[in-house]
Amino acid sequence: NKKEADAKVKEYETSEGLQMEVNLHDSVIKTMEMKADTLTFKLDCSDVKKVVFKNYKVLEQSGYILGATWLQQEVYAAEGGKEYHALLHKKDGKLAYLTVLAEEVEFVK
């Protein structure tokens, strides 16, 4: 079991694609558009203007997140794509969580 667990940890640590291509820290969510196959966030960010999750499912969202500041993100391999986890700071000072399962993510600069 230890060998198998160690192999999985090594596989996870060295696998490509489990990092967000860009750092969205300090980006503010300006708009959120949910369509049947895409979830699009427009951001107030110097590098990225839009984040588009394709063939998505929102797994967790802590209430109203428009105007929230993106603090941190993590990506995990999952059946059907990848899980994108975000920690957000809302205007009221509370933390919020967003978890999206998507086949693909696109960053529009």
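Visitor: Through how many residues does the hairpin join β1 to β2?

Guide: Three residues make that link. Keep in mind that this is a predicted model. Strand β1 covers residues 28-34 and runs antiparallel to β2. Six bridges join the two strands. To find your place on the pair, start from E33, whose bridge partner in β2 is T40.

Visitor: Let me step back. How many helices and strands does the protein have?

Guide: One helix and six strands. Next, read the order from the N terminus: α-β-β-β-β-β-β. The helix therefore comes before the strands in that order, as the definition numbers elements from the N terminus.

Visitor: What share of contacts joins residues at least 24 apart?

Guide: Take the contacts between residues at least 6 apart in sequence. Of these, 48% join residues at least 24 apart.

Visitor: Now the interior. What percentage of the residues counts as buried?

Guide: The figure is 33% of the 109 residues. Buried here means under 20% relative accessible area.

Visitor: Why look for a nonpolar core?

Guide: In soluble globular proteins, nonpolar side chains tend to be buried together. In this model, the largest nonpolar core has 24 residues.

Visitor: Which of its residues touch the most other members?

Guide: F53 and L88 do. Then ask which elements supply the core. Those giving two or more residues are β2 (38-44), β3 (50-61), β4 (69-78), β5 (81-89) and β6 (95-108). Strand β6 provides the largest share, with six residues.

Visitor: Stay with F53. What is F53 in contact with, leaving aside its neighbours within four places in sequence?

Guide: Sort the list by position. On the lower-numbered side, F53 contacts D37, T38, L39 and F41. On the higher-numbered side, its contacts are Y84, V100, A102, E104 and V105.

Visitor: How many cavities of 30 Å³ or more does the structure hold?

Guide: One. The volume of the largest cavity is about 40 Å³.

Visitor: Which lining residues are the closest to its centre?

Guide: Ten residues line the largest cavity, and the closest to its centre are F53, W70, Y84, H85 and A86. So F53 turns up again: this residue belongs to the largest nonpolar core and also lines the largest cavity, and a core is by definition a set of buried residues. The elements that give two or more residues to the lining are β4, β5 and β6.

Visitor: And what classes of residue make up that lining?

Guide: Count by class. Seven are nonpolar, two are polar and one is charged.

Key:
Residues are numbered from 1 along each chain as its sequence is written. This is a predicted model: local features need pLDDT of at least 70, side-chain atom pairs count only at pLDDT 80 or more; totals for chains, interfaces and linings use all residues. Side-chain values use heavy atoms; hydrogens and water are left out. A nonpolar core is a set of buried Ala, Val, Leu, Ile, Met, Phe, Trp, Tyr and Cys residues joined through side-chain atoms within 4.5 Å. Buried means under 20% relative accessible area, exposed over 50%, partly exposed in between (1.4 Å probe, protein chains only). Helices (H or I, at least four residues) and strands (E, at least two) are DSSP runs, numbered from the N terminus. Contact means heavy atoms within 4.5 Å. Two strands pair if DSSP finds at least two bridges between them. On a 1 Å grid over the protein atoms alone, a cavity is a set of points where a 1.4 Å probe fits but cannot get out, and a pocket is an open set with protein on both sides within 12 Å along at least five of seven lines; lining residues have an atom within 4 Å of a point. Grid points are joined across faces, edges and corners, and a volume is the space filled by probe spheres set on the points. Ala, Val, Leu, Ile, Met, Phe, Trp, Tyr, Cys and Pro count as nonpolar, Asp, Glu, Lys and Arg as charged, and the others, Gly among them, as polar.
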